[in-house]
Amino acid sequence: MNKPAHSGCHQQIVSIDDIFFSYENKTVIDGLRFQVLERDFVGLIGSNGAGKTTLLKMIVGLLRPTRGEIRLFGQPIGQFRDWERIGYVPQKNALNPLFPATVREVVTSGLYGKKNMFRRLTKAQLQKADDALYAMRIEDLADRKIGQLSGGQQQRVFLARALINNPELLILDEPTVGIDAETQAGFFRMIRHMHQHHHITFIMVSHDMDAMEAYLGEQPVQRSGGLSFYVKHTHDPQDCVETDLTHSMQQLRESMEVLS
Ligand SMILES: Nc1ncnc2c1ncn2[C@@H]1O[C@H](COP(=O)(O)OP(=O)(O)OP(=O)(O)O)[C@@H](O)[C@H]1O
């Protein structure tokens, strides 16, 4: 039977209960317990090789814990099917500059999920792609080849791809690596805006402690299973006032205009 997906009055988005993970004989995650509530912003930190990427891959179902349980939106991960509710931007996509896809094709590939890559897109799906491109301010790059773009532009493309299904949870693995300071600042403004105004829950790996603290403030560090977390609740966990969390790509597109 499913356990209730709430902690107090707030929905549990990710619940991790005593998980272990090993690559062959090397234990990387060792007894991790952790919860992410709706609208939390989780900053995941740790030294190189600590297991941050491994954890994110387990949350998005690419790796399976050796022991322990992961629940997504209250469901055991093995039964979870609503992958559109989660957007994932993996660690810097080592992109071959000869990769032939256009920006629009990369962004729309976020719609396919595990379904057929070659079916025709509906008008509504093409509209979503347009909204995601506009929200990330890359509409003028839509027909360019992704391999010809700068690192900062590519990063916006992958963020648009993760946003196209209007996810409730966005998972970002070191999104600002190799990007100049000004572009990084713009990227953090976007992230903050999406968190504060669109109630998206975030889990973000970053080595940029200054940027993390600038947004999250002085938060106590939680440690478990060899990893460290900063968590910002956007709400008082005891405050049970209902907030309407529904939003749309169209709204995101419109509201991102204030950032330009
Ligand atoms: N496919 C794999 N096979 C074997 N070992 C692996 C594999 N992937 C990662 N590892 C090892 O597991 C450990 C954790 O790797 P992971 O990429 O999760 O760390 P990380 O905290 O994300 O590191 P970084 O900050 O450098 O990105 C490292 O020691 C790494 O070498």
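Reader: Okay, how many bridges join β2 to strand β5?
Author: Five bridges join β2 to β5 (residues 67-72), and the two strands run antiparallel. Strands here are DSSP runs of E with at least two residues, helices are runs of H or I with at least four, and both are numbered from the N terminus. Two strands pair if DSSP finds at least two bridges between them. One facing couple is Val14 and Leu72, the latter in β5.

Reader: Before I go on, what kind of model is this?
Author: It's a predicted model, where local features need pLDDT of at least 70 and side-chain atom pairs count only at pLDDT 80 or more, while totals for chains, interfaces and linings use all residues. Residues are numbered from 1 along each chain as its sequence is written.

Reader: Cool. Which way do β2 and β3 run?
Author: Antiparallel: nine bridges join β2 (residues 10-23) to β3 (residues 26-37). Phe21 has Ile29 in β3 as its bridge partner. The hairpin leaves two residues between the strands, and Glu24 there takes a positive phi near 45°.

Reader: Which other residue has a positive phi although it is not a glycine?
Author: Phe73 is one of them, with a phi of about 50°. Its place is the loop between β5 and β6 (75-76). Arg137 is another, at about 60°, and it sits in the loop between α3 (123-135) and α4. For background, most residues other than glycine have a negative phi.

Reader: So is Phe73 buried or exposed?
Author: In between! Phe73 counts as partly exposed because it has 17 other C-beta atoms within 10 Å. Buried takes 20 or more other C-beta atoms within 10 Å of a residue's own, exposed means 12 or fewer, and partly exposed is in between, with C-beta atoms placed from the backbone. Arg137 is also partly exposed, with 17 C-beta neighbours inside 10 Å.

Reader: And why does Gln154 count as buried?
Author: Because 22 other C-beta atoms lie within 10 Å of it. Gln154 is in helix α4 (residues 151-163). Its C-alpha atom is 9.3 Å from that of Lys92, although the two are 62 residues apart along the chain.

Reader: New topic: what's the order of strands in the open sheet?
Author: The six strands go β7-β8-β9-β4-β11-β10, with mixed pairing. At the edges are β7 (86-89) and β10 (222-224), each pairing on one side only. From one strand to the next, the twist averages 20°.

Reader: How do β7 and β8 run?
Author: They run parallel, and four bridges join β7 to β8 (residues 169-173). Val89 stands opposite Leu172 in β8.

Reader: Which residues are around the ligand?
Author: Tyr23, Val28, Gly46, Asn48, Gly49, Ala50, Gly51, Lys52, Thr53 and Thr54. A residue is near the ligand if its C-beta atom, placed from the backbone, lies within 6 Å of it. Helix α1 (residues 52-59) gives the most to this shell, with three residues.

Reader: Last bit: how many helices and strands are in the protein chain?
Author: The protein chain has seven helices and eleven strands. Buried residues make up 36% of its 260 residues.

Methods
Axes are lines fitted to C-alpha atoms, for helices over the stretch in contact, and angles run from 0 to 180 degrees between N-to-C directions.
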